[in-house]
Amino acid sequence: MQLLEFQAKQMLNLAGLPIPLGVVTSTGEGLPEVALPVVVKSQVPVGGRGKLGGVKLVRDQQGLEEAIATISSREIKGHTPECLLVEEALDIENELYISLQVNRDEREVTWMASGEGGMDIETHADDIMVIPQKDKNAHRLLAETLGVEKTQLTPILQNLEKCFFDNDLLLLEINPLVITSSGEIICADAKVTVDDNARFRQSSFTWPAYEHVKPLGGTIGVIANGAGMAMSTMDAIYTSGGHPANFLDIGGGTGEAVFINNLREINSLTGLTSIIVNIFAGITRCDEIARGIIAAKKQIPHLAPLFIRLEGTRRDEAAVLLEKAGVALQPDLKTCIALALESEIGRSEGREMERKQQESEPSTAHLPEEAVAASASRTPQGSFPLGASKANAPPVESTLTGGVEQETYNALFTNAPVIVQGITGHHGTFHTRGMLDAGTHVVAGVTPGKGGQNIHGIPVYNSVKEAVSVHSATTSVVFVPAPFAKSAAFEAIDAGVKLVVIITEGIPVHDMLAIHEKASCNNVAVVGPNCPGLIVPSSHKLGIIAAHITAPGHTTVISRSGTLTYELSDALTKKGVGQRLILGIGGDPVQGMTFVGALEIAQNDPETDQIVIVGEIGGEGENIAADYVRNHVTKPVYGLIVGHSLPPGQTFGHAGAIVGHHGETAAAKTAYMTENGVHMFTTLDELISAL
């Protein structure tokens, strides 16, 4: 959630930080009583207001009337203000820039500072100093960078840090930080982003309703589970000549009522001609989706045609339910898209001509230009045979020599004693059964207050320490709800567990920063959160990946998207391409194991012959992985980035996939990874065909 400026300043004021005097007035409310001169500011949740006429300095009453009238009606980047902030005009001597933000790739909080602040900060990007917040010299370095006495700046910095951590902020930006002619330091403007996952403990904020369905103006509705699956589905629709009407990630464990509400909202979109339901269930269950579909057809009048593809958990049960209700299942996504396009022919003249034209063109015809260029520049299929070494990659000796890396390697590939935290919960109980059926050596479960129970023949304990001491477990799989996941991970680490696999979604970013730091200090490997876990086919699994869609072999799959992990594994198995390891690292901003850590494991694993990477928009993790591939990986690496069809500047899905700058787009990542020797593709079907 991005706060409006006046909301951000209220927060700063409560934290003891100096802000200008000002009043908030609703548009159309009349002129506020203020001492001139003042600055009138549009309150919209976007940057660049000054350059777009949303900020004006006024010195007289007539100027105030004109500014309020003009700014109240001025649309800025699609937003028209509901209120204005009218502030005292500061006597500015100097404008500085300072911010605190979560660096998702370094998994730490960093300071950014520049002696050149204000509207033109983008032009001074090369002059911005980046300093880890935990650096013991951070305050001194910031004072030197900003040209302010440390004794004067330190109280400001301390209060900014307190405000940042107390409120679960992802970004706290002060631009400009003003030095007045009298030497005062004032936070003249503020940009604040609050972590949506921390909603449960930040009750002081007025939280907007979660926007599940994001309208995109197309004609084919999309319902998918997982941001990765949703993005991949939308990319496939685009390449086939269609236009998605919306983005929707229904999330893990979605029940019947939520599904019906989502379907009703999509059905109300203007111009909708059909809806594709594309589910590959892991923690979500196909039978629950089927019940939602059946109920929706009864409850929603004038429901658009549904084209449904279901795979994964409880798929057979879902098929029986739908057949009894007279609802057809389609064999694959490609068929759903073809039927959706056909359904438009009777609704929109000229669709047939467009479709025939697309059949004679490359499949990238409807992708954005950047994606087409990236696709065209990829290495041709077949030019890098299995087992060949890249000429520019130096020989790499294994680093698995008995240290932390060896422990992680052993924990992943050995069917060691496992505990399940949250075993008595709905998902914990269900997926523990699946792990046992897959041969996983589950020895105990942990749920505080439920000690003494028995789940699937597995004893339940009140604490991890007790379970580990009795059963010598070295691995924990966590199904604990998000508000308690940090404590659960800490308990496992303190008990001596060496691998923690966190399935839970919705964990606050600050909690994951703390988990990462504690795990690193204790030489503990963490996989996740918000992930499907991992599976070594025909040996064991840790998490929710269905064993029956996998087969043993020599391909290692590393994916940010849980549902695309299932999709790819199932397709490879059906194609006869076995897997050595399938590892879902999760799509959250801060992860345990990264692409680089997983690549190191795969590169040094003698049983892995080829590697597949599935990434998403947002962050630089895939680009960092490409650097690692160029310098260290001698095995062939194939890749896919989903999200080519999505616009920048919005978050997509529960994990917060968002394009922060050009380098985080699907097209830019695809191009960069191609340059560094990864065989890149723009759709899942293309990737599968190449393997």
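This text walks through a predicted model, from a parallel sheet to its helices and cysteines.

Start with the sheet. Three strands make it up, and it is open. Their order is S12-S14-S15, and they pair in parallel. Strands of a sheet pair through backbone hydrogen bonds, either parallel or antiparallel. Two strands sit at the edges here: S12, residues 220–224, and S15, residues 306–312. Each of these edge strands pairs on one side only. From one strand to the next, the twist averages 10°.

Now look at S14, which spans residues 274–281. Seven parallel bridges join S14 to S15. Ile-276 gives a place to check the register: its bridge partner in S15 is Phe-307.

Two helices pack on this sheet. Helix H5 covers residues 227–239. H5 touches S12, S14 and S15. The direction of H5 makes about 150° with that of S12. Helix H17, residues 562–575, also packs on the sheet. H17 touches S14 and S15, and its direction makes about 75° with that of S14.

Next, turn to helix H4, residues 150–166. H4 has 17 residues. From first C-alpha to last it reaches 24 Å, close to the 24 Å expected at 1.5 Å a residue. Which residues of H4 are buried? They are Leu-153, Thr-154, Ile-156, Leu-157, Leu-160, Glu-161, Cys-163 and Phe-164. The general geometry helps in reading such a list. An α-helix has 3.6 residues a turn, so residues three or four places apart point the same way. After H4 comes Asp-168, with a positive phi near 55°.

Cys-163 leads on to the cysteines. How many disulfides does the structure hold? It holds zero. Cys-163 is in no disulfide, and the nearest cysteine sulfur, that of Cys-187, is 9.2 Å away. Why does Cys-163 count as buried? Its relative accessibility is 2%, and the cut-off for buried is under 20%. Cys-336 also counts as buried, because its relative accessibility is 0%.

Finish at helix H12, residues 404–413, where Thr-408 lies. Is Thr-408 buried or exposed? Thr-408 is buried, because its relative accessible area is 12%, and buried means under 20%. Which residues does Thr-408 contact, leaving aside neighbours within four places in sequence? They are Ala-525, Met-593 and Ile-601.

Technical notes: Residues numbered from 1 in each chain as written. Predicted model: local features only at pLDDT ≥ 70, side-chain atom pairs only at ≥ 80, totals over all residues. Heavy atoms only, no water. Helix = DSSP H or I, 4+ residues; strand = E, 2+ residues; numbered from the N terminus. Buried < 20%, exposed > 50% of the residue type's maximum accessible area, 1.4 Å probe, protein only. Contact = heavy atoms within 4.5 Å. Pairing = 2+ DSSP bridges. Axes fitted to C-alpha atoms, helices over the stretch in contact; angles between N-to-C directions. Disulfide = S-S within 2.5 Å. Expected span 1.5 Å × (residues − 1).
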